[in-house]
Amino acid sequence: MSSAISSQLRTPGTWLAVAGFVVIGGAGLALPQWQFLVSVALSKGIVALGLALLLRTGLASFGQALFFAVGAYCVGLGMNDYGLTELFALLAISMLVSAALAFVLGFLLARYRDIFFAMLTLALSMICYGLLLNNVELGGSDGFNVNAPTLGSSAEPWQLTGTNLFAVGLIAAIVCVMGVALYMRSTPGRLGPAIKDNEIRVEYLGTSARANIHLTYVIAGALAGLGGALQAFNIGHIDPDMAFWTTSGEFVFIAVLSGTRFAFSPFIGALLLEVARAMAYRYAPNTWQIVMGAIMLAIIAFLPGGLTSLGLGRRKPAAAHPVTQTKTATDAA
């Protein structure tokens, strides 16, 4: 484990992530008026991080809003019905419940690929939306408010608001990036792109592609639950729209916009999306959807690898092994 961590620290993506989080943290501390926007972007980036893992496996999920809403409602129910306000307990419950739900649904979804997987995830998310919308005990269409979390269980716990919540989101994002980066370099993580390229060959190697997809889906669900919990803290309100299909589409937009090359990539896309939306609301409140749609089309057409593919260039073909060169020359002769 220590060798894996040390090798991970030497990769370019790690230094990119460190530089990015230093810039985000410094900007948040220097510009308090932007802390809320950055906090929202960090929570959405965590959800998109799990979606990026699925995209590496060749699967597009249009239902991550399901776990996003589950994580948020776990926070709301824990606070309002059970009086639980401790930060780490609420985050842990949100992740565990979301992961458990993803584990159960994964037995069905891991059997499907391509458009069937995407449509099933969308259908499950809309079922959750309908249940939340028509459940009066959960606030119905209006939802309900969420108080600020506390840190510690002493007689006078520390209530987290403003800059403190921003710091919590930043730390959570850093931990998630480190964990996902290590997973991407592990055997199950490396199998994701292999399954995307040729699932049959992966099966011939003696590895279950279905089990790998199931594991990836559970990880993505846990990350979405964590993002939903953080979003509940940031906004202070929960409603069924968190499970609506447009929310899932936003996460897909972030993942496609940023690319899946680095674990830090989704946070770049999430931050750019929130900044662009804030600017559009201010200067063109009625046409910002058109602008975002045009950006999406341009990214798909000219940068299919996402924004992080800029400047990477084409890799030089690896030099053939001398034995391979000799054999090729002999065959040609």
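Here a student and a tutor talk through how some labels in this predicted model are earned.

Student: Let's start with Ser98. Why is Ser98 called buried?

Tutor: Buried means under 20% relative accessible area. Ser98 comes out at 0%, so the label fits. Ser98 sits in helix α5, residues 87-109, and belongs to a buried set in that helix that includes Leu91, Ser94, Ala102 and Leu105.

Student: What makes the link between the side chain of Ser98 and the backbone oxygen of Ser94 a polar contact?

Tutor: The limit for N or O pairs is within 3.5 Å, and the side chain of Ser98 reaches that backbone oxygen at 2.8 Å. Leaving aside neighbours within four places in sequence, Ser98 is also in contact with Phe67, Val70, Gly71, Gly221, Ala222 and Gly225.

Student: And what do the buried residues of α5 pack against?

Tutor: Helices α4, α6, α7 and α10, plus strand β2.

Student: How do you know that the span of α5 agrees with what its 23 residues should give?

Tutor: At 1.5 Å a residue the expected span is 33 Å, and the end C-alpha atoms are 32 Å apart, so the two agree. There is still a kink of about 25° in α5, centred on Phe103. At the start of the helix, a side-chain oxygen of Glu86 comes to within 3.0 Å of the backbone nitrogen of Phe88.

Student: On to the rings. Why is the pair of Tyr73 and Phe144 called edge-to-face?

Tutor: Two tests apply: centres within 6.5 Å, and planes over 60 degrees apart. Tyr73 and Phe144 give 5.7 Å and 85°, passing both. Tyr73 is in helix α4 and Phe144 in strand β1, so the pair ties together parts 71 residues apart in sequence. Tyr73 counts as buried at 4% relative accessibility, and Phe144 is buried at 14%.

Student: What makes Phe117 and Tyr217 an edge-to-face pair?

Tutor: Their centres are 6.1 Å apart and the angle between the planes is 85°, against the limits of 6.5 Å and 60 degrees. Phe117 lies in helix α6 and Tyr217 in helix α10, so this pair joins parts 100 residues apart in sequence. With Phe67, these two residues form one aromatic cluster.

Student: Now charges. Why is Lys44 with Glu250 called a salt bridge?

Tutor: The cut-off is a side-chain nitrogen within 4 Å of a carboxyl oxygen, and the closest N and O atoms here are 2.4 Å apart. Lys44 is in helix α3 and Glu250 in helix α11, so the pair ties together parts 206 residues apart in sequence. Both Lys44 and Glu250 are buried.

Student: What makes Lys44, Glu250 and Glu274 a network?

Tutor: Lys44 also meets Glu274 in a salt bridge, at 3.0 Å from N to O. Glu274 is in helix α12, 230 residues from Lys44. Salt bridges link these three residues in a network.

Student: How do you know that Glu199 and Arg113 form a salt bridge?

Tutor: Their closest N and O atoms are 2.9 Å apart, inside the 4 Å cut-off. Glu199 lies in helix α9 and Arg113 in the loop between α5 and α6, so the pair ties together parts 86 residues apart in sequence.

Student: And why is Glu199 called partly exposed?

Tutor: Buried is under 20% and exposed over 50%. Glu199 has 25% relative accessibility, so Glu199 counts as partly exposed.

Technical notes: Residues are numbered from 1 along each chain as its sequence is written. This is a predicted model: local features need pLDDT of at least 70, side-chain atom pairs count only at pLDDT 80 or more; totals for chains, interfaces and linings use all residues. Side-chain values use heavy atoms; hydrogens and water are left out. Helices (H or I, at least four residues) and strands (E, at least two) are DSSP runs, numbered from the N terminus. Buried means under 20% relative accessible area, exposed over 50%, partly exposed in between (1.4 Å probe, protein chains only). A polar contact is a pair of N or O atoms within 3.5 Å; within protein, one must be able to donate a hydrogen and the other to accept it, and residues adjacent in sequence count only if both atoms are side-chain atoms. Contact means heavy atoms within 4.5 Å. Rings of Phe, Tyr and Trp (its six-membered ring) pair if their centres lie within 6.5 Å; planes under 30 degrees apart count as stacked, over 60 as edge-to-face and the rest as tilted. The expected span of a helix is 1.5 Å times one less than its number of residues. The bend at a residue is the angle between axes fitted to the seven residues ending there and the seven starting there.
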